[in-house]
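Colleague: Could you take me through the ligand site and the sheet of this model, with the cut-offs behind each term?

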Amino acid sequence: PYDRPSLTLFNEHCDRVEHRFGLAGLHIKERAIRCEIECDGVVVELNDGRALKTANLVLAVGASEQPQWPAWAPRNDPRVQHVFDPDFDAWPASPETVAVVGGGISAGHVALRLLHEGHDVHLVSRHALRQHQFDSDPGWLGPKYTTDFSREPDRDRRRAVITAARHRGSVPPDVGRSLRRAIRRDRIKWHEGEVNQVVADHDGLKVGLLPGDELIVDRILLATGFASRRPGGSLVDDLVASATLPCASCGYPIVDSSLRWHPRVYVSGPLAELELGPVSRNIAGARRAGERIVDAVRTSGTTIS
Ligand SMILES: Cc1cc2nc3c(=O)[nH]c(=O)nc-3n(C[C@H](O)[C@H](O)[C@H](O)COP(=O)(O)OP(=O)(O)OC[C@H]3O[C@@H](n4cnc5c(N)ncnc54)[C@H](O)[C@@H]3O)c2cc1C
């Protein structure tokens with residue numbers, strides 16, 4: 001029951017959901033730059049100058065716009081890129097020596113892809129390969145762990161529970177098997193250590209590793225995940241300030257069990273984490289958020305953006 005669907009099946013499912021609910025017709029392809037809560041609704045300003053007025057707002061901004069850049073990684077060298085950067089275009093066109101930095105599923109997939117495309121691959125991770133089937137124990141999908149979590153009034157303790165429960169920097173068994181095989185056969189060079197500096201010159205990138213090692217590579221691909229700060233950037237920051245929305249000391253929203261941050265503002269994804277727990281960032285969490293928000297809005301008899 002824990003096997004993942006194939007990509008084709010998942011894509012077909014997404015197409016069917018989109019068709020069934022007419023999502024394409026509802027999609028406005030534009031960036032929201034500001035939200036303002038008024039007495040009778042919320043105004044969402046778009047980048048193209050338009051403004052939408054709605055009774056309710058759901059902030060479902062995800063964390064995809066804040067890839068985690070390590071301090072040592074040069075920002076303006078096209079040979080160093082983060083795989084989650086929206087403008088990522090760093091797959092090498094001809095054989096190269098590439099360092100992939102990171103110890104999770106993305107680093108694993110990137111390293112294996114580069115290997116299959118004929119590159120010389122170094123995989124640099126701060127820790128040994130960690131293997132977990134899921135990002136967190138499946139007990140978080142039901143009452144086993146969520147009952148106690150919901151009873152915990154202290155948001156700092158909830159944050160600590162989430163941090164401990166999430167298996168960051170881990171790979172599922174199939175990726176783990178492929179990586180271990182490639183490392184054993186020396187097809188991927190494994191380096192357990194911390195990058196402490198990168199010196200860039202015309203011949204290549206010198207990657208200094210602690211404790212005491214150095215690689216010379218043509219390219220560095222960062223698979224270092226997403227920054228842990230509250231997502232949403234100035235859109236959410238300004239809304240917090242203008243509507244005095246409650247936040248925990250980690251900066252994340254304090255919401256009620258309907259994921260309501262304000263009578264007209266709901267959250268999902270990472271922003272709902274302190275209420276939904278460690279699954280909030282994945283698809284199961286998105287479903288739970290959808291159920292709670294739809295229930296709340298149906299009860300209030302209003303519409304949503
Ligand atoms: C490598 C990887 C593997 C994963 N594998 C799994 C898995 O196997 N199973 C699983 O359940 N989950 C998995 N996840 C997590 C899954 O991707 C998320 O659960 C899901 O994408 C969350 O959807 P979302 O809509 O909440 O956020 P996102 O998918 O992050 O979407 C948020 C969207 O909001 C947009 N946005 C942000 N700010 C604005 C703005 N101001 N105006 C307009 N748009 C804005 C963003 O551009 C983005 O398009 C994986 C994630 C990654 C990165």
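**Ligand shell and sheet**

Modeller: The shell around the ligand divides into seven nonpolar, four polar and four charged residues, where Ala, Val, Leu, Ile, Met, Phe, Trp, Tyr, Cys and Pro count as nonpolar, Asp, Glu, Lys and Arg as charged, and the others, Gly among them, as polar. This is a predicted model, in which local features need pLDDT of at least 70, side-chain atom pairs count only at pLDDT 80 or more, and totals for chains, interfaces and linings use all residues. Residues are numbered from 1 along each chain as its sequence is written, and side-chain values use heavy atoms, with hydrogens and water left out.

Colleague: Which residue has a polar side-chain atom 2.8 Å from an oxygen atom of the ligand?

Modeller: A polar contact is a pair of N or O atoms within 3.5 Å. Arg281 places a backbone N or O atom 2.6 Å from a ligand oxygen atom, and Ile283 does so with a backbone N or O atom at 2.8 Å. The residue whose polar side-chain atom lies 2.8 Å from a ligand oxygen atom is Glu65.

Colleague: How much of the ligand's accessible area does the protein cover?

Modeller: Accessible areas come from the Shrake-Rupley method with a 1.4 Å probe. Of the 980 Å² that the ligand has on its own, the protein covers 54%.

Colleague: Which residue in E8 stands opposite His122?

Modeller: Strands are DSSP runs (E, at least two residues), numbered from the N terminus, and two strands pair if DSSP finds at least two bridges between them. Strand E7 (residues 120-125) runs parallel to E8 and is joined to E8 by five bridges. Opposite His122 stands Lys189.

Definitions and conventions. A polar contact is a pair of N or O atoms within 3.5 Å; within protein, one must be able to donate a hydrogen and the other to accept it, and residues adjacent in sequence count only if both atoms are side-chain atoms. Helices (H or I, at least four residues) and strands (E, at least two) are DSSP runs, numbered from the N terminus.
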